[in-house]
Each structure stands twice: as C-alpha cells, then as structure tokens.
Amino acid sequence: MGMTDVLIVGAGPTGLVLACDLARRGAAVRVVDRSPAPPRTSRAKGPNPRSLEILDDLGVAEEVLAAGSAPLPMLKYRDRRPVAEADPWADSAPSADARYGRGWLIAQWRLEGILRDRLAGYGVRVEPGREVVGLAQGRNEDESGSGSDGDYGGHGAYGGHVDVTYADGPAGRARYVVGCDGAHSSVRKLLGIPFEGTTAEDQVMVCGDVDLADGVLDRTRWHQWFDEDGAVMLCPIPGTRTGWWFQAGPERDGRGRPLAPTADGFRRLLAHHTALPGRALTRAELLSTYRVNVRMADRFRAGRVLLAGDAAHVHAIAGGLGMNTGIQDAFNLGWKLGLVLAGHADAELLDTYEEERLPVAARTLDLTSERLRATLEAIRRPGGGLDAAITPDTTGLGVGYRWSSLAAGGRAQEAGEPGPRAGDRAPDAPCADATTGERTRLHRVFAGPGTTVLGFGPGSTAVLRETANAYGGDAGVRVCRVYAAHEDRAGAEPAAVVDDAGHVAAAYGTGASGDPAAGTVVVVRPDQHVGVLAPADDARSVREYLRRLHGTGRSAERSPGMVDAAR
C-alpha cells in the first residue's frame with residue numbers, strides 16, 4: 001500500500017489552499033472528495049483582504065481578481081421602493097502595509113477552479129467520488145494519544161501513519177490526514193470529536209443561483225429588500241450575464257414552519273417583496289436552506305489527524321468570514337506540516353496549529369454572532385441592511401497570535417510602540433530591489449514556502465550572515481537586508497531591498513533608534529506572521545527560533561536533540 005504524506009479530505013477552498021501550499025513544498029499530497037464532480041456552489045461571496053494576500057502568495061491572486069469584481073454598493077428597499085444606498089467599502093483603499101483594501105466578489109466554484117488548476121500544475125488532481133469511512137492511526141510503542149505523536153522529525157524510525165478506508169476502492173495510508181470536509185465532516189465524526197454549539201432553527205434563509213431576464217435589474221448594485229414580513233437579496237454573480245445570487249427569508253406554512261426552497265417559491269418571494277414579476281426569474285438551481293449554526297470542535301488535532309475550516313468551526317454568515325477563516329486555517333497549517341514532513345521540525349510544531357487557530361475560531365464565532373445581531377437589528381429600520389455586518393474586523397488583517405508559544409523570544413515591546421509584535425501579521429510595504437532598483441513589496445520578498453529573516457541597520461549584518469551560512473537555502477530560510485534610503489549599499493546582497501520611501505521602517509517601527517550602528521532583526525514565518533522581533537545583537541533569539549522550525553541547518557547534525565555548539 002503506497003504511503004502518501006498528507007491525505008486531504010474535502011476539495012473546497014480550505015482543502016485546495018492546503019493542498020497547493022503542501023504541493024509547492026514538495027510533499028506528496030492526495031485530495032479526495034465525496035462529491036462525484038466539483039460542486040457548483042455559490043455559498044461564499046469571495047475572499048477578504050487577508051485571504052487575497054494568501055492567494056497572492058500561492059500565485060493565483062491576479063487570476064482571482066480578473067475572474068471576479070469589486071464588492072458592490074448596496075441598494076436597499078422598503079415596500080418595494082429604494083430608500084437608501086450604502087457602500088461599506090467606499091473608504092477602503094490599498095495602503096502601504098496592505099495591498100488589498102477590500103475583499104473581492106467571485107463565485108466559490110470559480111475560485112475552486114482556479115485553485116484546482118494551480119494544484120494540477122504541481123501534478124496533483126482532486127479524486128472525486130471518494131468517501132472516507134474509516135480511519136485507524138498506526139500506534140508506536142512510544143506514541144501517546146495526545147497531540148505529540150512521538151514521530152521524531154516527521155519521518156522518524158517509528159513510521160507513524162493513518163490507515164484510511166473508503167466506501168469503495170482500495171484502502172490508503174498517509175502520514176497525516178486533514179479533514180477539510182465541511183460542517184458535516186466525516187473525519188471529525190470518525191474521530192468522535194464533539195461539535196458543540198447551537199443551531200437556530202428559527203433563523204433560516206433560503207438561497208440559490210438564479211437567472212433574471214436580461215436588463216430587469218441594475219447589475220452594478222447588490223439589491224436588498226427588507227420588509228416587516230421578510231426579505232429578498234439579489235447580488236449579481238461576476239462573470240455571468242444574467243446570473244444572480246438569491247437569498248431570502250423562507251416562505252412558511254400555516255404553522256409558521258419554514259418551507260423548503262423551490263423555483264416557484266423564489267418567484268412568489270420575488271413578486272411579493274420586489275417590483276419585479278415572478279416570471280422575471282427564469283431559472284433557479286443549487287437551492288439550499290441556510291440555518292444559523294454556531295458550533296466548534298473542542299480540539300483541532302487528534303494525533304496524526306487534523307481538522308480545518310467548517311469541519312472545525314461554523315458560524316453565522318454575517319461578515320462573510322466562513323470560507324476566509326478556512327483559507328487562513330489552511331495557510332497556518334500547511335507550512336507546519338511541510339517542515340515536520342521534511343524532518344526539519346519536531347512533530348510538536350503541529351500542536352501550535354490548534355494553539356493559534358482555535359482561539360481565532362472562537363473569536364470569529366463571537367464576532368459573527370454579534371454582526372448578525374447588529375444586522376438583524378439594522379434591517380428592522382428602513383434603510384438598514386447588510387452593511388451593518390462589515391467592520392474593520394472582517395478584513396482578517398488584524399488577526400494575530402500574540403498568545404502563541406511561537407511568538408516567544410526577542411524583545412517585549414512597550415505599549416504604544418510602533419510596529420508589529422511577535423505573533424502579528426507581518427505588514428506589507430513598498431520598497432525597491434537594492435541591485436536592480438525595480439519596485440517590489442515585502443510580501444513579494446516573503447512569497448513562497450520559506451521563512452524570511454529581515455535585517456535593519458548595519459548591526460544586523462552579522463546575524464544575517466550567520467543565518468545564511470547555517471541554512472544557505474537548503475531548509476527554506478532566506479535573509480533580506482533592508483537598507484534605509486541614506487545607507488551606503490555598496491556590496492548589497494542579491495536579496496536586499498531599499499526602503500526608499502520609509503514605508504518599511506514605518507510599518508516595522510525600526511526607524512526610532514538614534515544609534516546608526518544599531519539594528520533590528522525580524523523573523524517572518526512562512527505564513528507572513530512575525531516570529532521574532534529582536535535587537536540585532538540578540539543573535540541567540542533568532543538562532544533558537546530558527547532551530548525550532550528548521551532544525552540546526554547545515555552547521556551541525558540534524559538530530560533534534562543536539563545542542564548547537566554555537567550556543
């Protein structure tokens with residue numbers, strides 16, 4: 001039975017982002033999905049700014065932007081008449097430290113298609129119609145049932161693995177399995193992990209993809225009819241001529257129970273709430289009922305099996321954070337699995353996935369429930385609408401992991417000091433290539449599967465040199481010296497950049513020191529979060545952090561137990 005490194009169960013955005021990230025690291029990946037064909041669903045309306053940064057890192061952002069459209073202003077109606085217009089994104093623009101000022105509108109199936117194409121470029125194809133019905137973790141004498149799987153450095157001599165049984169076809173074996181198979185996750189159920197929370201049976205919405213007769217409604221607006229007795233929302237689907245996303249309060253029977261969605265029901269709702277005749281709706285498909293579900297798994301890892309996306313947490317739709325939280329789960333997990341599989345990091349690194357993402361999921365549950373409450377309150381007043389759900393929190397750019405054990409080391413910043421702290425998202429910033437003078441950005445420097453060590457000031461040269469000598473490209477560690485505009489760049493290293501407009505220093509708070517020889521070193525994790533922020537003379541913090549993620553590099557034996565002689 002052939003062994004694969006990682007079996008990903010579920011080929012939605014979460015599973016596909018994880019697969020792309022692992023495949024580009026050289027891991028052997030399989031992606032299975034129980035659907036016989038890729039589902040043409042339109043559940044999520046698109047990536048938020050943080051997810052766009054992740055898609056950019058994976059090399060598909062340009063394609064996503066081309067296939068979608070900017071978010072649309074909302075036109076709100078009461079008693080069939082327009083009463084207010086709102087553009088929650090009117091003031092959001094790209095900034096020096098964030099390239100994407102707002103999310104993007106794209107059908108989920110289009111996004112999935114783009115990610116599948118990228119994955120195929122690595123020689124990996126989704127295997128449809130493969131349903132996982134059994135998981136058995138191969139136990140070793142020294143393995144505990146807890147998070148750590150006793151498999152030193154991933155491959156180890158102990159050969160830990162998971163045996164996977166499918167509904168039909170031969171069984172499989174993988175070093176790790178990740179359940180990205182949605183709210184009804186088979187993987188989570190097979191692990192017996194509880195999915196605690198609530199389902200609000202009365203908070204129900206019917207949804208579908210519909211065609212409206214050409215020209216009956218302005219496609220430059222997201223139309224929202226909110227009345228005392230219900231609501232209809234119609235948003236044009238980018239890349240289609242007559243396609244719209246339809247969301248509405250359900251029809252109800254005589255006892256007030258919601259009725260299942262049907263094309264004729266959609267036509268009645270349209271005629272009741274809008275000035276359009278029911279026959280303007282020419283086609284309706286992908287009909288579904290959405291109930292507000294707020295649930296979370298109590299753990300995201302059981303040995304060699306992990307959960308991500310809706311399999312681990314579901315929350316209210318308000319603010320559009322469902323798919324985005326899943327994409328961000330995948331980006332947190334991918335590099336950790338990659339380093340463990342490559343034998344650079346100990347398997348305990350995988351415990352930091354739950355340590356970092358479970359509190360984010362819990363906070364997202366609270367945030368979306370609060371936004372839903374605010375929205376339900378807003379729509380009771382004429383002119384209120386879904387813009388009540390959009391806040392700076394929904395961009396994803398503020399999500400960090402300051403509490404994480406991966407955010408230790410380096411100097412503690414004073415409150416009010418400029419720049420990020422360990423655990424925060426590493427800001428982007430425009431700069432120039434020190435050798436060619438070409439325009440670039442920090443996130444381009446970080447792009448790809450490696451860890452980046454940024455050095456500010458002449459004092460950082462020694463740490464950068466030590467790092468380059470120890471890891472010299474073999475373990476995905478790169479160094480980048482950031483020169484201030486006034487610094488002499490004679491003999492600048494190939495990967496150096498010039499902070500010609502001061503944006504990098506402003507973003508990282510490194511311009512404050514009066515000592516010209518001083519400097520700062522920032523270690524940026526592969527998922528664009530700050531690991532260490534330390535004075536340039538604190539080589540030890542940098543060395544210990546890199547050892548934890550990447551082993552000792554070329555300068556010593558690979559055994560994780562070795563004490564580096566340089567200490």
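**Exercise 1. Burial of two aromatic residues**

Task: In this predicted model, phenylalanine 456 has a relative accessible area of 6% and tyrosine 508 has a relative accessibility of 1%. Decide for each residue whether it is buried or exposed.

Solution.
Step 1. The cut-off is needed: a residue is buried when its relative accessible area is under 20%.
Step 2. Phenylalanine 456 has 6%, and therefore counts as buried.
Step 3. Tyrosine 508 has 1%, so this residue is buried as well.
Step 4. For the chain as a whole, 55% of its 567 residues are buried.

**Exercise 2. Aromatic pairs**

Task: State how many aromatic pairs the model contains, and classify the pair of phenylalanine 246 and phenylalanine 266 from the distance and angle of their rings.

Solution.
Step 1. Two rings pair when their centres lie within 6.5 Å, and by this rule there are five aromatic pairs.
Step 2. The ring centres of phenylalanine 246 and phenylalanine 266 are 4.1 Å apart and the planes make an angle of 20°. Planes under 30 degrees apart count as stacked, so this pair is stacked.
Step 3. The two residues come from distant parts of the chain: phenylalanine 246 belongs to strand S11 (residues 243-248) and phenylalanine 266 to helix H6 (residues 263-273), 20 residues apart.
Step 4. Phenylalanine 246 and phenylalanine 266 are both buried.
Step 5. A further pair consists of phenylalanine 456 and tyrosine 508, with 6.0 Å between the centres and 35° between the planes, and this pair is tilted.
Step 6. Because phenylalanine 456 is in strand S18 (residues 451-456) and tyrosine 508 is in helix H11 (residues 503-508), the pair ties together parts 52 residues apart in sequence.

**Exercise 3. Charges over rings**

Task: Identify the ring over which the charged end of arginine 130 sits, and do likewise for arginine 219.

Solution.
Step 1. For arginine 130, the ring is that of tyrosine 166, and the charged end is 4.0 Å from the ring centre.
Step 2. For arginine 219, the ring is that of tryptophan 244, with a distance of 5.2 Å to the centre.

**Exercise 4. An open sheet**

Task: Give the order of the strands in the seven-stranded open sheet, and find which strands stand at its edges.

Solution.
Step 1. The order is S17-S16-S20-S19-S18-S21-S22, and the pairing is mixed.
Step 2. Strand S17 (439-441) and strand S22 (530-535) each have a single partner strand, so they are the edges and one side of each has no neighbour in the sheet.
Step 3. From one strand to the next, the twist averages 30°.
Step 4. Strand S21 (residues 520-524) runs antiparallel to S22, and five bridges join the two. Valine 523 stands opposite valine 532 in S22.
Step 5. Helix H10 (residues 461-471) packs on the sheet and touches S18, strand S19 (477-484) and S21. The direction of H10 makes about 160° with that of S19.

**Exercise 5. The partners of strand S8**

Task: Determine how many bridges join strand S8 to strand S12, and how many join S8 to S11.

Solution.
Step 1. Strand S8 (residues 195-212) and strand S12 (residues 281-297) run antiparallel and are joined by 14 bridges. Aspartate 211 has arginine 283 in S12 as its bridge partner.
Step 2. S8 also pairs with S11 in the antiparallel sense, over six bridges. Here valine 206 is matched by alanine 248 in S11.

**Exercise 6. The nonpolar core**

Task: Find how many residues make up the largest nonpolar core and which of them have the most contacts inside it.

Solution.
Step 1. This core has 111 residues, and those with the most contacts inside it are Ile8, Tyr176 and Val178.
Step 2. Helix H7 (residues 322-341) supplies the largest share of the core, ten residues.
Step 3. Leaving aside residues up to four places away in sequence, valine 178 touches nine residues by name: Val6, Leu7, Ile8, Val9, Leu18, Leu306, Ala308, Leu333 and Leu337.

**Exercise 7. Positive phi angles**

Task: State the sign of phi in aspartate 79 and in arginine 80, and locate both residues.

Solution.
Step 1. Most residues other than glycine have a negative phi.
Step 2. Aspartate 79 has a positive phi of about 50°, and arginine 80 has a positive value near 75°.
Step 3. Aspartate 79 is in the loop between strand S3 (74-78) and strand S4 (81-86), and arginine 80 is also in the loop between S3 and S4.
Step 4. Aspartate 79, with a relative accessible area of 52%, is exposed, whereas arginine 80, at 42%, is partly exposed.

Note on methods: Residues are numbered from 1 along each chain as its sequence is written. This is a predicted model: local features need pLDDT of at least 70, side-chain atom pairs count only at pLDDT 80 or more; totals for chains, interfaces and linings use all residues. Side-chain values use heavy atoms; hydrogens and water are left out. Rings of Phe, Tyr and Trp (its six-membered ring) pair if their centres lie within 6.5 Å; planes under 30 degrees apart count as stacked, over 60 as edge-to-face and the rest as tilted. Helices (H or I, at least four residues) and strands (E, at least two) are DSSP runs, numbered from the N terminus. Buried means under 20% relative accessible area, exposed over 50%, partly exposed in between (1.4 Å probe, protein chains only). A charge sits over a ring if NZ of Lys or CZ of Arg is within 6 Å of the ring centre and within 35 degrees of the ring normal. Two strands pair if DSSP finds at least two bridges between them. Axes are lines fitted to C-alpha atoms, for helices over the stretch in contact, and angles run from 0 to 180 degrees between N-to-C directions. Contact means heavy atoms within 4.5 Å. A nonpolar core is a set of buried Ala, Val, Leu, Ile, Met, Phe, Trp, Tyr and Cys residues joined through side-chain atoms within 4.5 Å.
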